[in-house]
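Reader: I'm new to this and would like to know where the words come from. Could we go through the structure together?

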Amino acid sequence: MKHSVNRPPTPDAAEDQGKEPTLQEIINIKLIESGEKERLMELLRERLIDCGWKDEMKAICRAYIKKKGRNNVTVDDLVHLITPKGRASVPDNVKADLLQRIRTFLMSAAL
Amino acid sequence: MCAGNSLYTNPKPCKHLADCKLRHGFNGYDSLQNCLKTTPNGRARVDKHNTKIPRCNFCNGSQGRLYICLICSSISCSSHILLHTQFEKGHEVAVDLERSELYCCLCRDQVYDPDFDKVVVSKQVKDLPGGSKSNGFEGCCERSSKRKRLNSGIGLDLKKSKLLISMRDRRAKSCYPLGLRGLNNLGSTCFMNSVLQALLHAPPLRNYFLSDRHNSVQCRKRSGEKVCLLCDIDALYSAMFSGDRTPYSPAHFLYSWWHHSSNLASYEEQDAHEFFISVLDVIHEKESKMLSSSKDDGDCQCIAHRAFYGLLRSDVTCISCGFSSTTYDPCVDISLNLDMSNLSPSDVTNKPIKPDEKTVVSTVSGCLNLFTRAEKLGSDQKLHCQNCQELRDSSKQLSIRRLPLVLCLHIKRVEHSLVRKMLRKIDQYLQFPFSLDMTPYLSSSITRNKFGNRIFSFEYENSDSCAEYEIFSVIAHSGMLESGHYVTYLRLKNQWYKCDDAWVSEVNEGIVRASQCYMLFYVQKPLFYKANEDMRCVRTSPCRDLFSSTAGCS
């Protein structure tokens, strides 16, 4: 028997889309479609600037670039550098506020 | 002359981007331009389909950074963008959807192209509410005919002043620089002495008076007035630069000034900054009478304005629609509020921030940042927005449209104490630099920031004026509000001197840095170095008349 006969069927991209979207995806889609995500992003940006988080990240990037040399750093390096630090240092009050707003939105969207 | 910001140069496109442009021209940029959407706070996003969520062609993900290929407009996420380049030869450049920035897949890094930024910015300007009427993107339309070469005429007479005051000191090997002399306190006049010391050594003023640009004989003939403050200042310069080191009593000057500012004529301790403004006022009034011109301050040729005139720009933006209106205000100095929120940089990079470890260090750059920060006006200060046609919440942002030759920073150390219902002095220590780069606070920098730091230049940006300054004088205050004392520190030929009324002494720069600064005087770098070159010789001849011809120094 030829191996090609027993080969399992090639996964079809179209079939993948038939999978049930996760809850996270559904919420994301709802947020984007209603324009709420855009508003929340703007609010989040403002809060992170006000509490000095953006300046902290900028300073970390600058220090790294100084150490490595300006021409040896790529955007990807910087993203990989500050993503974990950034996620960890978001102030709790900002997190709580954003979560509250998402909850409020979901409650109103579910109605 | 330093042209623009010497610490930063615009990055060039990478060679892949350059190749791509050669092959495809601006087709990619132009077709993308129509898809650019601007958010109210100035970010540009690429939005091809208003309703559909952009997804990566390879993994269908919609999180993280998504890129759209410049050639075929297919979307990939940052993990799979390399695959796209491998499958399609020549599709090397893409654009970050969220940020409208170019990305080169082969360099694996963000790249920059002034042509691309021009496309983005022109779309953003087109989209601004009110079109090109809104905001000062007047860089595009304004003609550069207003280039003012402020230092023309001020530096040219140095040769003449050199002739008049150059005589080698044969007695002492180390001598104080020219013009260093104590001023006697005539009864709580340290506020006046401190400002005079600073003005005496401001290079434009020094050059002007020492090259006899205000001749008292001609002045009396022309105006016929008995009392002329400029003549008194001229006499003061002659006395201070005569080479005589005994403390001088500026009684005549004080009397003259009382004449002009009778409301301030008293023996009470007064505010040095108020005195400074009043002196500049009097100089301007007197000179504009003589020049008999009614030009606005920007073109005013009086020495006070030629040295200190600057232009502040104020942008008021409606928070709802983004429409902004711009006004310009002249100024002779910048009054700064103390920035209390600053973190010292070392804390940030070494360890994670813990709330109790924050140290409040106020710096001049922190204060300038505070000064130029976009400030949300309270809801009780709603302004009428021309675009929305009603009262709206707005934000206001200051920036510097034109820098003066001599920059005076005034630190506001007086505040109203709500608790005690009276004025209170703020003793907060302020760290200040000896070299100051004002580029980030210029209107051009602030406006660039609004458009996401794009690469473009304004027509009115002139390379004659330098944004880099060197400090030459510090007026420090000690004591309480009602009963304090002013001293001036002068920086001459890289040596600091303390002028405490009649007592002049050499001091360490550490002492200067540790002082409680109240007014800081900076001068544009080229003028600073030129001024320090000429202080080589000291005159010690007993003859006090500066204008008699003397044997030249060898």
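Author: Sure, let's start with a sheet. In chain B, five strands form an open sheet in the order β4-β3-β5-β6-β7, with antiparallel pairing. This is a predicted model, where local features need pLDDT of at least 70, side-chain atom pairs count only at pLDDT 80 or more, and totals for chains, interfaces and linings use all residues. Residues are numbered from 1 along each chain as its sequence is written, chains are lettered from A in the order in which they are written, and side-chain values use heavy atoms, leaving out hydrogens and water.

Reader: What makes β4 and β7 of chain B stand at the edges?

Author: β4 (75–77) and β7 (109–111) of chain B each have a single partner strand, so one side of each has no neighbour in the sheet. Neighbouring strands of this sheet are turned by 40° against each other on average, direction ignored.

Reader: How do you know that β3 and β4 of chain B are joined?

Author: Two strands pair if DSSP finds at least two bridges between them. Three bridges join β3 (residues 66–69) of chain B to β4(B), so this is a pair, and an antiparallel one. One of the partnerships is B:I68 with B:I75.

Reader: What makes you say that helix α1 of chain B packs on the sheet?

Author: Contact means heavy atoms within 4.5 Å. Helix α1 (residues 15–24) of chain B touches β5 (93–96), β6 (101–104) and β7 of chain B. Its direction makes about 105° with that of β5(B); axes are lines fitted to C-alpha atoms, for helices over the stretch in contact, and angles run from 0 to 180 degrees between N-to-C directions.

Reader: Why are β17 and β18 of chain B called a pair?

Author: Four bridges join β17 (residues 414–417) to β18 (residues 422–425) in chain B, so the requirement for pairing is met. They form a hairpin with four residues between them, and B:K421 in the turn has a positive phi of about 55°.

Reader: What does chain A have by way of helices and strands?

Author: Chain A has seven helices and zero strands. Helices (H or I, at least four residues) and strands (E, at least two) are DSSP runs, numbered from the N terminus. Helix α4 (residues 36–50) of chain A has 15 residues, so it passes that minimum.

Reader: Which residues of α4(A) are buried?

Author: A:E36, A:L40, A:E42, A:L43 and A:L48 are, where buried means under 20% relative accessible area (1.4 Å probe, protein chains only). What covers them includes α3 (23–34), α5 (53–68) and α7 (92–110) of chain A.

Technical notes:
The expected span of a helix is 1.5 Å times one less than its number of residues. Buried means under 20% relative accessible area, exposed over 50%, partly exposed in between (1.4 Å probe, protein chains only).
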